[in-house]
Amino acid sequence: MTAEVDLQFMQAALELAAGARFISHPNPNVGCVLVKDGQVVGRGATGRVGEAHAEAGALEDAGERAYGATAYVTLEPCSHYGRTPPCAQALIDAGVLRVVAAALDPNPLVSGKGLAMLTSAGIETSHGLCAEESRWLLRGFMSRMERGRPWVRAKVATSIDGRTAMANGESQWITGSAARRDGQFCRAESDCVLTGIGTILDDNPTLNVRLSPDDLSIEGKVRQPMRALMDTRARLPMACQWLREPGRKRVYSVFEKSFPDTESVCFKGAETIDCKRVLIDLAEQEVNFVHLEAGAVLLGAFLKANLVDELVVYQAPALLGSEGRPMAQISGLVHISDALRWRFTEVKTVGNDLRMVLLRT
């Protein structure tokens, strides 16, 4: 195979991986394409938890045609028994002759062992093609494995003067329906939607995913992420929509208090909740990707602690005035050199609003 052909088929595998991002959690969303005599004979992507991994799905799709094929896979095939058998062994058993992996798997249970298993079986292997693209699609999983905490994306809706609400807390709606719908896709690809008690008290939101399977191009039910709340003084109202909405919920507080159908984590002896400890706890719950929707205080705390990896800002062509609530409360910045710097990776219009995606510099 030429480099151009390898690139073509790896890009096809990346497209499959992208399509699995709404269902694969907590497993990494991986894509696999099997190619024989220049033709695709099998395609697969990571299924829901407990279902087939990408390689197994592609092998099933190919059947006997997998013998002698080349496998293009966006992440190194696993070499251990987990919820499913090892994919490396499945590729060996199917008679695949060559495996091209994009990124190496940082999971200590794999971490080079998958490719080593394939090489020991006489299969030609390589890795690194489209590695950065694959790592971006897998940034939540990579973050949990390499940093011990999830990837954090904060989503904010603001006016062009940087306000997220009026002084009295009124915020519905700053942005239009197209931007609000677009934000639902951000929730849908996360493992956990995290907010603070101020948002619950001001807006009484559900913070669930309100999209259909057709919207996400998936089969079966839409997966609802875990919803987590940072509530220092345990003020969560029993009648709020967040609490009544079904699904897995987790409350972080400094006071012990039980809430119906909710897991509670109490940071005893503290006056505030350590944001980093929250993320470490979520990583222990196999959360890869946190979607942060919060008010100025909590967002400011995460930003100042350098715990936000990605910002998605929807900006409406409106002015809310100097008395409106700011996007984030960040104290202690005196000089321009103290500014928290970000870089734009995407800027586009969504309806009448502007969507900006930023990463930390």
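**Exercises on a predicted model**

**Exercise 1.** Which residues does Met230 touch, leaving aside residues up to four places away in sequence?

*Solution.* The model is a predicted one. Contact here requires heavy atoms within 4.5 Å. By that criterion, Met230 touches Leu194, Thr195, Gly196, Ile197, Tyr252, Ile273, Cys275, Val278, Leu298 and Phe302.

**Exercise 2.** Place Met230 within the largest nonpolar core, and state which elements give two or more residues to this core.

*Solution.* Begin with the core itself, which has 30 residues. Met230 is among those with the most contacts inside it, together with Tyr252, Leu282, Val290, Leu292, Phe302 and Val308. Next, turn to the contributing elements. Two or more residues come from each of these strands: 6 (151–159), 8 (192–196), 9 (226–230), 12 (289–292), 13 (310–316) and 16 (353–360). Helix 11 (275–284) and helix 12 (296–304) also give two or more. Finally, a separate second core of 24 residues includes Val30, Ala66, Ala88 and Ile123.

**Exercise 3.** Why may the protein chain be called as compact as a globular protein of its length?

*Solution.* First, list the secondary structure: twelve helices and 16 strands. Then compare the radius of gyration, 22 Å, with the 21 Å from the globule rule for 361 residues; the two are close, so the chain is as compact as a globular protein of that length.

**Exercise 4.** What share of the residues is buried, and what share of the exposed area do carbon and sulfur atoms supply?

*Solution.* Of the 361 residues, 51% are buried, with under 20% relative accessible area as the cut-off. The protein chain exposes about 16,900 Å², and carbon and sulfur atoms supply 50% of this area.

Key. Residues numbered from 1 in each chain as written. Predicted model: local features only at pLDDT ≥ 70, side-chain atom pairs only at ≥ 80, totals over all residues. Heavy atoms only, no water. Helix = DSSP H or I, 4+ residues; strand = E, 2+ residues; numbered from the N terminus. Rg over C-alpha atoms; globule rule 2.2 N^0.38 Å. Buried < 20%, exposed > 50% of the residue type's maximum accessible area, 1.4 Å probe, protein only. Areas by Shrake-Rupley, 256 points an atom, 1.4 Å probe, with all protein chains shown as cover. Core = buried A, V, L, I, M, F, W, Y, C linked by side-chain atoms within 4.5 Å.
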